[in-house]
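Here is a note for a colleague who is opening this structure for the first time. The points below are meant to be read with the structure in view, one at a time.

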Amino acid sequence: RGFSNQCLNHGELVPPTRDAPREFLGHCASWLVRATDALWHGAVEDIDGAVDEFFAKGWNSETNHGSTVGAANLKDAVRDWRAAFPDLQIHVLDSYCMGNDVDGYKAAMPDRWVGTHTGPSRLFGKPTGRRAVMAGVAVSRIMQIDGKWKFTSEWTWHDWASLYQQLGVELPTVEKAATAACEPV
């Protein structure tokens with residue numbers, strides 16, 4: 001019959017350590033908001049510090065627009081977004097965490113991005129001056145590393161097609177999306 005996800009039904013899809021402490025659970029949702037604000041709403045010169053504080057060095061992200069691996073690449077991506085949309089606001093609509101202090105936490109955070117494209121961008125090209133809104137959700141993995149909670153991975157899904165349409169920019173092909181981070185503006 002081919003491919004099947006039924007193998008997941010043989011075990012629990014939650015962390016396996018039974019009776020593990022959950023002390024971070026009560027702080028996890030507010031930690032998500034604090035991390036989001038530090039990275040996206042703090043001073044541009046504080047991007048490196050926010051990434052270092054909240055993200056593991058080997059952090060990775062899978063999105064419907066491509067993959068990003070490593071904290072250094074995250075810093076570049078955030079700088080590019082914030083240069084393209086200096087007034088960017090990420091409105092956290094909710095946050096949810098599950099897990100424990102041993103195995104880590106899984107978190108979900110629906111959000112809405114609002115901003116005006118007034119700066120150059122590797123993804124969107126020259127400024128269009130248009131205001132846009134993009135909704136989506138981030139699903140993250142958070143682990144304790146050297147005594148500090150950090151994002152280790154994420155899967156984010158946002159309405160990129162709507163964003164490109166609002167900006168009046170051509171939606172990239174799969175090949176272009178895969179190389180956009182390497183192209184000069």
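1. In this predicted model, helix H2 meets helix H3 through Ile47, Asp48, Val51 and Asp52 on the H2 side and through Ala71, Leu74, Lys75, Val78, Arg79 and Arg82 on the H3 side. The residues of this contact divide into five nonpolar and five charged, with no polar ones. H2 covers residues 47-54 and H3 covers residues 71-84, and their axes come within 10 Å and cross at roughly 135°. Because angles over 145 degrees count as roughly antiparallel and those from 65 to 115 as roughly perpendicular, H2 is described as oblique to H3. The crossing of the two helices is right-handed.

2. Lys75 deserves a separate look, since this residue of helix H3 has a relative accessibility of 16% and therefore counts as buried, the limit for that class being under 20%. When neighbours within four places in sequence are left aside, Lys75 is in contact with Ile47, Asp48, Val51 and Asp52, and these four are also the H2 residues named for the contact with H3.

3. How do H1 and H2 lie relative to each other, roughly parallel or roughly antiparallel? Their axes come within 8 Å and cross at roughly 155°, which makes H1 roughly antiparallel to H2. From H1, the residues Trp31, Arg34, Ala35, Ala38 and Leu39 take part, and from H2 they meet Ile47, Ala50, Val51, Glu53 and Phe54. This contact divides into eight nonpolar and two charged residues, again with no polar ones. Ile47 and Val51 are named both here and in the contact of H2 with H3.

4. The loop between H1 and H2 contains Glu45, which counts as exposed because its relative accessibility is 66%. Although Glu45 and Arg79 are 34 residues apart along the chain, their C-alpha atoms are separated by 9.4 Å. Arg79 is one of the H3 residues that meet H2.

5. Towards the other end of the chain, helix H4 spans residues 160-167, and its buried residues are Trp160, Ser162, Leu163, Tyr164 and Leu167. These buried residues pack against H3, E6 and E7, so that H3, already described in its contact with H2, also serves as a partner of H4. Just after H4, Gly168 takes a positive phi of about 70°.

6. Thr128 can be read together with the end of H4. This residue is found in the loop between strand E5, residues 104-116, and strand E6, and with a relative accessibility of 31% it counts as partly exposed. Its C-alpha atom is separated by 7.6 Å from that of Gly168, which is 40 residues away along the chain. Not counting residues up to four places away in sequence, Thr128 touches His117, Leu167 and Val169, and Leu167 is among the buried residues of H4.

7. Two backbone angles should be checked by anyone going through the model residue by residue. Most residues other than glycine have a negative phi. Asp19, however, has a phi near 60°, a positive value, and this residue lies in the segment before helix H1, which covers 25-40. Asp146, likewise not a glycine, has a positive phi of about 50°, and it is found in the loop between strand E6 (131-145) and strand E7 (148-158). Asp19 is exposed, with a relative accessible area of 79%, and Asp146 also counts as exposed, at 80% relative accessibility.

8. For the chain as a whole, the secondary structure comes to five helices and seven strands, which run from the N terminus in the order α-α-β-β-α-β-β-β-β-β-α-α. Of its 185 residues, 39% count as buried, while the chain exposes about 10,500 Å², with carbon and sulfur atoms supplying 54% of that area. Among contacts with a separation of 6 or more, 64% are between residues 24 or more positions apart; the pairing of Thr128 with Leu167 described above offers one contact to look at in this light.

Terms used
Residues are numbered from 1 along each chain as its sequence is written. This is a predicted model: local features need pLDDT of at least 70, side-chain atom pairs count only at pLDDT 80 or more; totals for chains, interfaces and linings use all residues. Side-chain values use heavy atoms; hydrogens and water are left out. Buried means under 20% relative accessible area, exposed over 50%, partly exposed in between (1.4 Å probe, protein chains only). Contact means heavy atoms within 4.5 Å. Accessible areas come from the Shrake-Rupley method with a 1.4 Å probe; for residues, only the protein chains shown count as cover. Axes are lines fitted to C-alpha atoms, for helices over the stretch in contact, and angles run from 0 to 180 degrees between N-to-C directions. Angles under 35 degrees count as roughly parallel, over 145 as roughly antiparallel, 65 to 115 as roughly perpendicular and the rest as oblique. A crossing is left-handed if the near helix is turned anticlockwise from the far one by less than a right angle, and right-handed if clockwise. Ala, Val, Leu, Ile, Met, Phe, Trp, Tyr, Cys and Pro count as nonpolar, Asp, Glu, Lys and Arg as charged, and the others, Gly among them, as polar.
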